[in-house]
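Please look over the sequence and the model shown here before reading the notes beneath them.

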Amino acid sequence: MTSNAARRSVPGFFLAVGAACLVAATVGGHLALGLVTLGILAVCSLALVLLGRRSETYQGLTEKAPDERFARIGGWAWAGTGIVLTVGNLSAFIGELASGRSGDPYSWFVATAAITYIALVALLSRRT
């Protein structure tokens with residue numbers, strides 16, 4: 001994949017997710033919500049295309065072989081995203097339990113995060 005194709009793949013992913021949300025919302029009877037979601041993701045995609053031309057950070061993170069600095073930035077960004085998602089799902093799970101419900105589907109997200117974390121620690125500790 002060329003650097004230019006890599007820079008287009010991230011905005012393209014946003015558009016694909018927006019289209020999937022539109023289809024899912026339409027099937028679920030919420031066309032307006034689907035259109036709003038697609039619109040928001042299209043704006044994000046456009047922002048990435050426009051800002052990506054000038055942003056050294058965006059260009060560095062979408063290079064085929066980023067230098068050490070950008071590889072580290074990308075790793076920290078994914079780790080931060082994982083923390084935010086895990087805390088959010090844990091909070092939603094606890095809120096569901098406190099409301100007298102079963103905690104689904106958040107229990108599955110929390111379990112998947114815990115299993116993935118343990119598996120990756122085991123795998124990566126063997127490799128280093």
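The notes below deal with one helix, its neighbour and a residue between them.

This is a predicted model, in which local features need pLDDT of at least 70 and side-chain atom pairs count only at pLDDT 80 or more, while totals for chains, interfaces and linings use all residues. Residues are numbered from 1 along each chain as its sequence is written, and side-chain values use heavy atoms, with hydrogens and water left out.

**Helix α4**
- Helix α4 covers residues 68-98, helices being DSSP runs of H or I with at least four residues, numbered from the N terminus.
- At 1.5 Å a residue its 31 residues should span 45 Å (1.5 Å times one less than the number of residues), and the end C-alpha atoms of α4 agree with this, being 45 Å apart.
- Just after α4, Gly100 has a positive phi of about 85 degrees.

**Packing of α4 and α5**
- The axes of α4 and α5 (residues 106-127), which are lines fitted to C-alpha atoms over the stretch in contact, with angles from 0 to 180 degrees between N-to-C directions, come within 8 Å and cross at roughly 140 degrees.
- The contact (heavy atoms within 4.5 Å) involves Thr86, Asn89, Leu90, Ala92, Phe93 and Glu96 of α4, together with Tyr106, Ser107, Phe109, Val110 and Ala113 of α5.

**Buried residues**
- Phe70, Gly74, Asn89 and Glu96 of α4 are buried, meaning under 20% relative accessible area with a 1.4 Å probe, protein chains only.
- Asn89 has a relative accessible area of 18%, and is therefore buried.
- Leaving aside residues up to four places away in sequence, Asn89 touches Tyr106, Phe109 and Val110.

Note on methods. Helices (H or I, at least four residues) and strands (E, at least two) are DSSP runs, numbered from the N terminus. Buried means under 20% relative accessible area, exposed over 50%, partly exposed in between (1.4 Å probe, protein chains only).
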